[in-house]
Amino acid sequence: MSTRLTLRSPQVVAHRGSSEAAPEHTLAAYQQAIRDGAGALECDVRLTSDGVLVCVHDRRVDRTSNGRGVVSALEYADLAELDFGSWHAGHGRTHEVGGDPQNGPEEPDWDRRSVLTLERLLRLVSDSPRRVDLAIETKHPTRYAGHVERALVELLDAYGLTDAGPDRPNVRVMSFSALGLRRMHALAPKIPTVLLLERLGSRYRNGTLPHRVRIAGPSITVLRRHPQYVERVRSWNGSVHVWTVNDPADIDLCLALGVDAVITDRPRFVLTRIGDSGLFAV
Ligand code: G3P
Ligand code: CA
């Protein structure tokens with residue numbers, strides 16, 4: 001048994017769901033992440049032209065669906081017609097109708113193919129038998145700047161998720177846009193925020209963060225180049241959430257540096273690696 005009781009295991013966050021195993025941002029990817037044991041689910045949100053928050057990473061739907069176009073210019077009904085699963089390896093998975101050939105052809109598994117609304121994801125975490133947190137990334141720039149944050153807070157409020165609690169999902173909001181986070185603070189001061197950093201510019205190099213932001217979200221590339229960054233953030237009482245950590249060497253680096261959360265496409269693999277490291281008390 002490990003004796004390093006002072007260390008806390010990092011939270012394992014499923015990046016776009018268990019997106020190695022299932023198509024990213026589908027309900028199936030998030031259901032898989034919960035089965036995999038992820039402590040939190042990461043998702044990107046965008047607003048459709050009729051004001052629905054959907055979980056889609058790219059500005060356009062072309063890469064992850066059989067459609068074309070810009071999310072913010074499409075209505076939810078347009079997205080609902082698209083197939084967001086077939087591009088992914090293993091897309092052929094279907095569930096059978098009653099197992100009886102007379103019932104006709106297999107039906108596609110819609111949970112692996114349909115566009116996911118943020119609201120459906122909130123229902124999933126709210127109904128989860130164990131607590132699962134949410135790390136929601138607002139994508140910027142967008143033509144709906146400001147509206148995205150307002151719609152997000154409205155929806156979180158409706159689900160009672162603008163306040164943290166030990167037994168319910170804790171929500172945090174992430175963004176590469178410091179302005180986007182400022183808007184979040186103004187609308188929902190209790191929701192923790194994460195400033196995502198693709199590179200470590202001179203502005204944040206000393207470990208400081210914008211006013212009221214307590215969590216730094218560096219890419220794993222930042223951490224490989226600047227491992228001392230974790231300590232610097234800590235010296236200002238900040239926390240560090242790292243993305244996207246999929247490879248054994250990167251997981252080990254995050255463990256050695258004692259980061260607070262690792263965001264990964266393969267939560268089960270990361271959890272196994274953490275368990276095998278023997279660094280944390282069970
Ligand atoms: O979790 C942060 C990470 O998701 C940011 O990068 O491009 O995957 O949204 P991206
Ligand atoms: Ca993201």
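## Helix packing, a ligand site and some backbone details

Arg-16 sits in the loop that joins strand 1 (11-15) to helix 1. This is a predicted model, and Arg-16 is a good place to start reading it, for two reasons. Its phi is near 60°, a positive value in a residue other than glycine, and Arg-16 is also one of the residues around ligand 1. From there, the points below move through the ligand site, the backbone and three helix pairs.

**Around ligand 1**

- The residues surrounding ligand 1 are His-15, Arg-16, Glu-42, Asp-44, His-57, Glu-137, Lys-139, Met-174, Phe-176, Leu-196, Trp-243 and Ile-263.
- His-57 places an N or O atom of its side chain 2.7 Å from an oxygen atom of ligand 1.
- For Glu-137, a polar side-chain atom is found 3.0 Å from an oxygen atom of the ligand.
- Asp-44 also has a polar side-chain atom facing a ligand oxygen atom, here with 3.4 Å between them.

**Backbone details to look at**

- As background, most residues other than glycine have a negative phi, and most peptide bonds are trans.
- Arg-16, with its positive phi near 60°, departs from that pattern.
- The peptide bond from His-140 to Pro-141 is cis, and its omega is near 0°. Pro-141 belongs to the loop between strand 6 (133-138) and helix 4.
- A cis peptide bond also runs from Trp-243 to Thr-244, with omega near -20°. Thr-244 is in the loop that lies between strand 10 (239-243) and helix 8 (248-257), while Trp-243 is among the residues around ligand 1.

**Helix 1 with helix 9**

- Helix 1 (residues 27-36) packs with helix 9 (residues 267-277) at an angle of about 15°, and their axes are 9 Å apart. Because of that angle, helix 1 is roughly parallel to helix 9.
- The crossing of helix 1 past helix 9 is right-handed.
- On the helix 1 side, Gln-32, Arg-35 and Asp-36 take part, meeting Pro-267, Arg-268 and Leu-271 of helix 9. Sorted by class, this contact has two nonpolar, one polar and three charged residues.

**Helix 3 with helix 4**

- Helix 3 (residues 118-127) and helix 4 (residues 147-158) have axes that come within 11 Å and cross at roughly 30°. Helix 3 is therefore roughly parallel to helix 4.
- Helix 3 passes helix 4 with a right-handed crossing.
- Which residues of helix 3 and helix 4 meet? Leu-118, Glu-119 and Leu-122 come from helix 3, and Leu-152, Leu-155 and Leu-156 from helix 4. By class, these residues of the contact are five nonpolar, no polar and one charged.

**Helix 4 with helix 5**

- Helix 4 has a contact with helix 5 (residues 178-187) as well: the axes come within 10 Å and cross at roughly 40°. Helix 4 and helix 5 are therefore oblique to each other.
- This crossing of helix 4 and helix 5 is right-handed. Helix 4 contributes Glu-149, Arg-150, Leu-152 and Val-153, and helix 5 contributes Gly-180, Arg-183, Met-184 and Leu-187.
- The residues of the helix 4 and helix 5 contact divide into four nonpolar, one polar and three charged.
- Leu-152 is worth finding on screen: this helix 4 residue meets helix 3 and is also part of the contact with helix 5.

Key
Residues are numbered from 1 along each chain as its sequence is written. Chains are lettered from A and ligands numbered from 1 in the order in which they are written. This is a predicted model: local features need pLDDT of at least 70, side-chain atom pairs count only at pLDDT 80 or more; totals for chains, interfaces and linings use all residues. Side-chain values use heavy atoms; hydrogens and water are left out. Axes are lines fitted to C-alpha atoms, for helices over the stretch in contact, and angles run from 0 to 180 degrees between N-to-C directions. Helices (H or I, at least four residues) and strands (E, at least two) are DSSP runs, numbered from the N terminus. Angles under 35 degrees count as roughly parallel, over 145 as roughly antiparallel, 65 to 115 as roughly perpendicular and the rest as oblique. A crossing is left-handed if the near helix is turned anticlockwise from the far one by less than a right angle, and right-handed if clockwise. Contact means heavy atoms within 4.5 Å. Ala, Val, Leu, Ile, Met, Phe, Trp, Tyr, Cys and Pro count as nonpolar, Asp, Glu, Lys and Arg as charged, and the others, Gly among them, as polar. A residue is near a molecule or strand if one of its heavy atoms lies within 4 Å of it. A polar contact is a pair of N or O atoms within 3.5 Å; within protein, one must be able to donate a hydrogen and the other to accept it, and residues adjacent in sequence count only if both atoms are side-chain atoms.
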